[in-house]
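Me: Please take a close look at one part of this protein for me, the largest cavity and what surrounds it. Then carry on outward to the rest of the fold.

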Amino acid sequence: MSRNEQLFERAQRSIPGGVNSPVRAFRSVGGTPRFIERAEGPYFWDADGKRYIDYIGSWGPMILGHGHPDVVRAVQDAAARGLSYGAPTEAEVEMAELLLKLVPSMEQLRLVSSGTEAAMSAIRLARGAAGGGKGRRKIVKFEGCYHGHADSLLVKAGSGLLTFGNPSSAGVPAEITQHTLVLDYNNAQQLEEAFGQHADDIACVIVEPVAGNMNLVRATPEFLQAMRSLCTRHGAVLIFDEVMSGFRVALGGAQSLYGIDPDMTVLGKVIGGGMPVAAFGGKRDVMKHLAPLGSVYQAGTLSGNPVAVACGMATLRLVQQPGFYDRLGARTDRLVRGLLAAAQEAAPAIPFAGDAVGGMFGVYFASRPPGSYAEVMKADKDRFNRFFHAMLDRGVYLAPSAFEAGFVSMAHDEAVIDESVALARDAFRTIAGG
Ligand code: KE4
């Protein structure tokens, strides 16, 4: 029995499913999760000492690669001064000021400890602030988008497309999800109809402007433009959930690529550099409703934690280097183009597509990149799973699910990318062989 298998067996005795987050359990792809012991640059090593080229990067945060010396030193220095105070620090003000500068649609923000907490708080604030502060109840989200695991967001589409959501998780009473409407991603028509029916009670629309939780799916400009004008027209708060796309697709996030200003933005992952920092922010006339100024309550023991903020700030300083995102985008494009060529060469009969936006990418066993959740579902999941394991055997760690995006770091230089492509060519031969 391998160390990974031993650890997984042991972990399942003390932790449900043996993991602290479900996607890590490899349930979608099968097999034994790899227990990671250390990481450096583009690599990490499992409990059996096997090295992998890492394409999840902790699901986005590790944009510089693992163990960047400047980041590690910043964390060590901060830790030596104290781990947590439960009181304000200059460092968290500096982080807030930097984030407002880099994401200028926000005028104020609050730091929290996870994307879930940030999205949940943003929605509560939107509900309290909408309608000129009188408050509204309904929220609109889109199938395939994930905004963390707050109760009102664990919703699957209602029976009719414009009926309210049903809980997608046990433990969530229907009363909690009755005000959540789940629409089709990239369907502006449906959104227009939803406002036609419920305009006076829609508090907010929340969207991943570049979706990464149903695999990578780009929003069309028309979809986001329609969303912006409908929210403006009806006094609903437009929330861009950029937990994944923020500082990943561009320095200013997806909103800077589309040229659309949301009313609120949710951030996470990269802004913590691998440690627990997330944020929600927006226009001052929305944020003023937050306690202690206003009547919308939100709080957190470790919000703005000094060590985590030091990690995030060191990361954010480095991603601002001139040309950082051009270089990262070029590496990601090189990877996707290489995978497409490898598939064409080694397994021409297998439908395979790929897409990349900045430092995130998607691969699909389908004829073209999907534009909606329904299209994602048509991709060949079994073939992806075989490809995933063929790559894992060869020391390339892709996201362990056909419905997740992949992430490239600045530590993935051209040699690492080209090695990944060469290994993929061999993996494609294996899966083409049936
Ligand atoms: P966290 O609570 O996991 O920090 O953030 C939730 C969240 C919110 N919004 C978006 C757009 C997100 O992508 C996420 C979290 N993403 C997943 C990746 N599919 C985290 C991985 C996991 O759940 O373990």
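Reply: Strand E16 (residues 360-364) gives the largest share of the lining of the largest cavity, three residues. Keep in mind that this is a predicted model. The full lining is made of Asn215, Phe361, Gly362, Val363, Phe384, Leu398, Ala399, Ser401, Ala402, Glu404, Ala405 and Gly406. By class, seven of these residues are nonpolar, four are polar and one is charged. The space inside is about 80 Å³.

How many cavities of 30 Å³ or more are there? The count comes to three. The second largest holds about 70 Å³ of space. Its lining consists of Asn215, Val363, Tyr364, Phe365, Pro370, Val376, Ala379, Asp380, Phe384, Ala402 and Phe403. Here nine residues are nonpolar, one is polar and one is charged. Look for Asn215, Val363, Phe384 and Ala402 in both linings.

Now follow E16 into its sheet. Three strands form this open sheet, in the order E15-E16-E18, and their pairing is antiparallel. Strand E15 (353-357) and strand E18 (406-407) stand at the edges with a single partner strand each, so one side of each has no neighbour in the sheet. Strands pair through backbone hydrogen bonds, in either a parallel or an antiparallel way. E15 and E16 pair in the antiparallel sense over five bridges. Within that pairing, Gly354 stands opposite Val363 in E16. Val363 is also one of the residues that line the largest cavity. Helix H11 (residues 324-346) packs on this sheet and touches E15 and E16. The direction of H11 makes about 175 degrees with that of E15.

Next comes another sheet. This open sheet has seven strands, in the order E4-E14-E13-E12-E9-E5-E8, and its pairing is mixed. Which strands stand at its edges? They are strand E4 (108-112) and strand E8 (180-183), each of which pairs on one side only. From one strand to the next, the twist averages 20 degrees. At the E8 edge, strand E5 (residues 138-142) and E8 pair in the parallel sense over four bridges. Ile139 stands opposite Thr180 in E8.

Move across to the E4 edge. Helix H3 (residues 90-102) lies across E4, strand E13 (264-267) and strand E14 (278-282). H3 runs at about 125 degrees to E4. H3 and E4 also take part in an open space. They are the elements that give two or more residues to the lining of the second largest pocket. That pocket has about 610 Å³ of space. Its lining has 28 residues, and Glu92, Leu109, Arg110, Leu111 and Ser303 lie nearest its centre. By class, 16 of the lining residues are nonpolar, ten are polar and two are charged.

Helices pack on each other too. A packed pair is described by the angle between the axes and the distance between them. Take helix H6 (residues 188-198) and helix H7 (residues 221-234). Their axes come within 9 Å and cross at roughly 10 degrees. An angle under 35 degrees counts as roughly parallel, so H6 is roughly parallel to H7. On the H6 side, the contact is made by Ala188, Leu191, Glu192 and Phe195. On the H7 side, it is made by Phe223, Ala226, Met227, Leu230, Cys231, Arg233 and His234. The contact residues of H6 and H7 divide into eight nonpolar, one polar and two charged.

Finish with two backbone details. Most residues other than glycine have a negative phi, and most peptide bonds are trans. Trp59 is not a glycine, yet it has a positive phi of about 70 degrees. Find Trp59 in the loop between strand E3 (51-54) and helix H2 (69-81). The other detail is the peptide bond from Ala291 to Pro292, which is cis, with omega near 5 degrees. Pro292 sits in the loop between helix H9 (284-287) and helix H10 (306-319).

How values were computed
Residues are numbered from 1 along each chain as its sequence is written. This is a predicted model: local features need pLDDT of at least 70, side-chain atom pairs count only at pLDDT 80 or more; totals for chains, interfaces and linings use all residues. Side-chain values use heavy atoms; hydrogens and water are left out. Axes are lines fitted to C-alpha atoms, for helices over the stretch in contact, and angles run from 0 to 180 degrees between N-to-C directions. Angles under 35 degrees count as roughly parallel, over 145 as roughly antiparallel, 65 to 115 as roughly perpendicular and the rest as oblique. Contact means heavy atoms within 4.5 Å. Ala, Val, Leu, Ile, Met, Phe, Trp, Tyr, Cys and Pro count as nonpolar, Asp, Glu, Lys and Arg as charged, and the others, Gly among them, as polar. On a 1 Å grid over the protein atoms alone, a cavity is a set of points where a 1.4 Å probe fits but cannot get out, and a pocket is an open set with protein on both sides within 12 Å along at least five of seven lines; lining residues have an atom within 4 Å of a point. Grid points are joined across faces, edges and corners, and a volume is the space filled by probe spheres set on the points. Two strands pair if DSSP finds at least two bridges between them.
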